[in-house]
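A learner and a teacher sit down with a structure and go through it feature by feature. The learner asks how each feature is read.

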Amino acid sequence: MAEIINITNIRDRLPKTIDGLRRDSAGKIIITKDYNTAAVLMDISEYESKYLSKNRRMPALLVLGAKKCPDTYAFKTINSINSICKKYYSKVIFVYGDATKKYRSNFKTDDLRTVYNKKSNLPIITSLKCGITALSSSDKYFVVVFLSQSQDKKTLMTMSNAAINSGNKIIISRKSGKTVHPIVFSADYKNILIKTRKELGIPHIIKKFKDKIMYVDI
């Protein structure tokens, strides 16, 4: 079933229309513009089940890259992600800024979601909040990496495997006894991160939930 609605008519009632899709996931809205069909609006769960990878139990990978970084670092990170992401991650979410928009086309994965951070000058948690908005309700864990910090394939695979066995832990990677990135969050912390003030950032979350921290040596 598909209901036809003109773009002008749907504009003022878009929130209610989306809520209706969630109640009736079999329904679709075809939007018309200038007397022509132009776009389809459907529930996200239907879109994911029909058109995206079935590898939904794996964690999502959030790549924070809103700030400018050297091409060498960026491409090393992207190449590592491309080589393993289809097997070890359900999706890749790339948070970009004006200086890093050019890298979007270099990611090679079935489910790439890009989010523009127009305030790339603000603390890192601002980019993290942007990325969190792209998560699906089915995502139980998400791994956070930086575009500017080259990650090898083994590290990305290790953190993915650690995530799916972590329960509601926060997993921090450790190298030679020192804490490094990536870091893994259970989806239980999604709303907590969204509500965290930018001046407090991720360190505040780690301190507040120190009893939930688990370390993984990479």
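The dialogue below starts with the whole chain and then turns to single helices and residues.

Q: What kind of model is this, and how many helices and strands does the protein chain have?
A: This is a predicted model. The protein chain has eight helices and 10 strands.

Q: How compact is the protein chain, judged by the radius of gyration?
A: The idea is to set the radius of gyration beside the value that the globule rule gives for the chain length. Here the radius of gyration is 19 Å, close to the 17 Å given by the rule for 218 residues, so the chain is as compact as a globular protein of that length. Along its principal axes, the C-alpha trace spans about 65 × 35 × 35 Å.

Q: What share of the residues is buried, and what share of the contacts joins residues 24 or more positions apart?
A: A residue counts as buried when its relative accessible area is under 20%. In this chain, 44% of the 218 residues count as buried. Among contacts with a separation of 6 or more, 65% are between residues 24 or more positions apart.

Q: Is helix α5 enclosed or open, and why?
A: One counts the buried residues in the helix. In α5, residues 124-132, seven of the nine residues are buried, so the helix is largely enclosed by the rest of the structure. The buried ones are Ile125, Thr126, Ser127, Leu128, Cys130, Gly131 and Ile132.

Q: Which elements do the buried residues of α5 pack against?
A: They pack against the strands β4 (60-65), β5 (91-96), β6 (112-116) and β7 (141-146), and also against the helices α7 and α8 (201-208).

Q: How do the axes of α4 and α6 lie, parallel or perpendicular?
A: The crossing angle decides, and angles under 35 degrees count as roughly parallel. The axes of α4 (residues 71-88) and α6 (residues 153-163) come within 9 Å and cross at roughly 25°. That angle is why α4 is roughly parallel to α6. Their crossing is right-handed.

Q: Which residues meet where α4 and α6 are in contact?
A: From α4 come Ser80, Ile81, Ser83, Ile84 and Tyr88, and from α6 come Lys153, Leu156, Met157, Ser160 and Asn161. By type, the residues of this contact are five nonpolar, four polar and one charged. An α-helix has 3.6 residues a turn, so residues three or four places apart point the same way.

Q: Where is Ile192, and what does it touch beyond its sequence neighbours?
A: Ile192 is in helix α7, residues 190-195. With a relative accessible area of 28%, Ile192 is partly exposed. Leaving out residues up to four places away in sequence, Ile192 touches Ile205 and Phe209. Ile205 is 13 residues from Ile192 along the chain, and their C-alpha atoms are separated by 8.2 Å.

Q: Which residues have a positive phi although they are not glycines?
A: Asp34 is one, with a phi of about 55°, and Tyr35 is another, with a phi of about 65°. Asp34 lies in the loop between β2 (28-33) and β3 (36-42), and Tyr35 is placed in the loop between β2 and β3.

Q: Are Asp34 and Tyr35 buried or exposed?
A: Asp34 is exposed at a relative accessible area of 58%. Tyr35 counts as exposed at 86%.

Q: Where is a cis peptide bond found, and what is its omega?
A: The bond joining His181 and Pro182 is cis, with omega about 15°. Pro182 belongs to strand β9, residues 178-186.

Conventions: Residues numbered from 1 in each chain as written. Predicted model: local features only at pLDDT ≥ 70, side-chain atom pairs only at ≥ 80, totals over all residues. Heavy atoms only, no water. Axes fitted to C-alpha atoms, helices over the stretch in contact; angles between N-to-C directions. Helix = DSSP H or I, 4+ residues; strand = E, 2+ residues; numbered from the N terminus. Parallel < 35°, antiparallel > 145°, perpendicular 65-115°, else oblique. Left-handed = near helix turned anticlockwise from the far one by under 90°. Contact = heavy atoms within 4.5 Å. Nonpolar A, V, L, I, M, F, W, Y, C, P; charged D, E, K, R; others polar. Rg over C-alpha atoms; globule rule 2.2 N^0.38 Å. Buried < 20%, exposed > 50% of the residue type's maximum accessible area, 1.4 Å probe, protein only.
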